[in-house]
Amino acid sequence: MSSGTSSGSSQGTQSSRSEDDLDLQAQMERRKRRKESNRESARRSRLRKQQHLDDLTSQVNQLEDQNKQLSMALSISSQNLVAVQAQNSVLQTQKMELDSRLGALTDILWYMNSSTSTSTATTNPAMVNSFTTWSSASDILGASAWNQQQPIDLYQCF
């Protein structure tokens, strides 16, 4: 009887060992699957990180190209601004010169119209410098034109 008892307890020990072995194998299998899952997750994470880095690098290159284009456009615009400002300065100077000539021509015409009447010449304040204006007008227009008494195209004079 003691042999039956001992054989029964040895079967219980064997069965608990095989259950322990199965549990150990199951744990090892879970660890193995978890490690594999973690490796795969880390690989996907590295791939996402690399993809993000590639996207950012591409964006940096695109922004650098855009920056170069904008810098070139700004440079061209700045050069155009300088050219337009220079042209504006020339045109303003020409306008001042033309205004001055128009004033002189107006004085000449007024003097020519009023030369028939000497009394009006002394009443016009613009005629204080009439001799100077008349002299400069004859210099501009040419003295020979005044001697011929022919109509003068004043636009050709300037």
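Here is a walk through this protein chain, from its overall fold down to a few charged side chains. Keep in mind that you're looking at a predicted model.

Let's start with the big picture. The protein chain has five helices and zero strands. If you trace the elements from the N terminus on, you simply read α-α-α-α-α. Helix H1 covers residues 2-114, and the chain has 158 residues.

Now, how much of the chain is buried? Buried residues make up 8% of the 158 residues, where "buried" means a relative accessible area under 20%. The chain exposes about 13,500 Å². Carbon and sulfur atoms supply 54% of that exposed area.

Next, zoom in on the charges. Side chains of opposite charge can pair when their charged atoms come close. In this structure, there are five salt bridges, and we'll visit some of them, beginning with Glu40.

Which residues does Glu40 pair with? One partner is Arg43: the closest N and O atoms of this salt bridge are 2.5 Å apart. Another is Arg44, and here the closest N and O atoms are 3.9 Å apart. That second pair still counts because the cut-off for a salt bridge is 4 Å.

Have a look at where these residues sit along helix H1. Arg43 and Glu40 are three residues apart in the helix, so about one helical turn separates them. Arg44 and Glu40 are also both in helix H1, with a spacing of four residues, again about one turn.

What about their exposure? Glu40 has a relative accessibility of 28% and counts as partly exposed. Arg43 is partly exposed too, at 38%, and so is Arg44, at 41%. Each of these values falls in the partly exposed class because that class lies between the 20% limit for buried and the 50% limit for exposed.

Further along helix H1, you'll find Lys95 and Asp99, four residues apart, about one turn of the helix. These two form a salt bridge as well, with their closest N and O atoms 2.8 Å apart. Is each partner exposed or partly exposed? Asp99 is partly exposed, with a relative accessible area of 41%, while Lys95 is exposed, at 51%. Lys95 lands in the exposed class because the cut-off is over 50%.

Finally, back to Glu40 and its partners. Salt bridges that share partners join Glu40, Arg43 and Arg44 into one network. In that network, Glu40 is the residue that pairs with Arg43 and with Arg44.

Conventions
Residues are numbered from 1 along each chain as its sequence is written. This is a predicted model: local features need pLDDT of at least 70, side-chain atom pairs count only at pLDDT 80 or more; totals for chains, interfaces and linings use all residues. Side-chain values use heavy atoms; hydrogens and water are left out. Helices (H or I, at least four residues) and strands (E, at least two) are DSSP runs, numbered from the N terminus. Buried means under 20% relative accessible area, exposed over 50%, partly exposed in between (1.4 Å probe, protein chains only). Accessible areas come from the Shrake-Rupley method with a 1.4 Å probe; for residues, only the protein chains shown count as cover. A salt bridge is a side-chain nitrogen of Lys or Arg within 4 Å of a carboxyl oxygen of Asp or Glu.
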